[in-house]
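Work through the exercises below with the sequence and the model open. Each task is followed by a solution in steps.

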Amino acid sequence: QVQLVESGGGLVQPGGSLRLSCAASGSISNIYSMGWYRQAPGKQRELVATITGGGSTKYADSVKGRFTISRDNAKNTVFLQMNSLKPEDTAVYSCNAFQVSPPNDYWGQGTQVTVSS
């Protein structure tokens, strides 16, 4: 089992910044990648950004150039730096860890990000 604990959500004005953190614990040796997904009211959950253990990253087109995902392998923690936030970024952001063997997805509890003036 893998446990994920998120922090860093909140209310921010358009154009502002937030930094999300996700700390992993438990059986993390088989984790291939970690990342962030988000779900806005009335919409499906969507990928925001992922990063592999080797540092390869993937971003949704809507956040490229504004969001940066990074990880501290020593602390088993993933970060999402969100800049130039827009109202359409408002959503519940959930941390994800993808395990290769056996295949499994782990999820954090989610943290609310609200972008509003």
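**Exercise 1: The strands β4, β5 and β6**

Met34 stands opposite Ile51 in β5. The model is a predicted one.

Task: Find how many bridges join β4 to β5, and in which sense the two strands run.

Solution. Step 1: Tyr32 places us in strand β4, which covers residues 31-39. Step 2: β4 and β5 run antiparallel and are joined by six bridges. Step 3: the hairpin of these two strands has six residues between them, and Gly42 there has a positive phi near 80 degrees.

Task: Which residue of β6 is the bridge partner of Thr50?

Solution. Step 1: strand β6 is made of residues 57-59 and pairs with β5 in the antiparallel sense, over three bridges. Step 2: the bridge partner of Thr50 in β6 is Lys58. Step 3: four residues lie between the strands in the hairpin of β5 and β6, where Gly55 takes a positive phi near 100 degrees.

Task: Why is strand β5 largely enclosed by the rest of the structure?

Solution. Strand β5 (residues 46-52) has seven residues, and five of the seven are buried, so the strand is largely enclosed by the rest of the structure.

**Exercise 2: The four-stranded sheet**

Task: State the strand order of the open sheet that holds β1, and say which strands stand at its edges.

Solution. Step 1: the order is β1-β3-β8-β7, with antiparallel pairing. Step 2: β1 (2-7) and β7 (67-72) each have a single partner strand, so one side of each is left without a neighbour in the sheet. Step 3: on average, neighbouring strands of this sheet are turned by 15 degrees against each other, direction ignored. Step 4: six bridges pair β7 with strand β8 (residues 77-82) in the antiparallel sense. In β8, Gln81 is the bridge partner of Thr68.

**Exercise 3: Two residues compared with the cut-offs**

Task: Is Ser21 buried or exposed?

Solution. Step 1: Ser21 belongs to strand β3, residues 18-26. Step 2: its relative accessible area is 18%. Step 3: buried means under 20%, so Ser21 is buried. Step 4: leaving out residues up to four places away in sequence, Ser21 touches several residues, among them Val5, Trp36 and Phe79.

Task: Which residues form a nonpolar surface patch with Tyr32?

Solution. Step 1: Tyr32 has a relative accessible area of 47% and is partly exposed. Step 2: Tyr32, Phe98 and Val100 form the patch, with about 270 Å² of accessible area together.

Key: Residues are numbered from 1 along each chain as its sequence is written. This is a predicted model: local features need pLDDT of at least 70, side-chain atom pairs count only at pLDDT 80 or more; totals for chains, interfaces and linings use all residues. Side-chain values use heavy atoms; hydrogens and water are left out. Two strands pair if DSSP finds at least two bridges between them. Axes are lines fitted to C-alpha atoms, for helices over the stretch in contact, and angles run from 0 to 180 degrees between N-to-C directions. Buried means under 20% relative accessible area, exposed over 50%, partly exposed in between (1.4 Å probe, protein chains only). Contact means heavy atoms within 4.5 Å. Patches are made of residues with over 30% relative accessible area and no salt bridge: like charges are joined within 9 Å, nonpolar side chains (Val, Leu, Ile, Met, Phe, Trp, Tyr) within 5 Å. Accessible areas come from the Shrake-Rupley method with a 1.4 Å probe; for residues, only the protein chains shown count as cover. A salt bridge is a side-chain nitrogen of Lys or Arg within 4 Å of a carboxyl oxygen of Asp or Glu.
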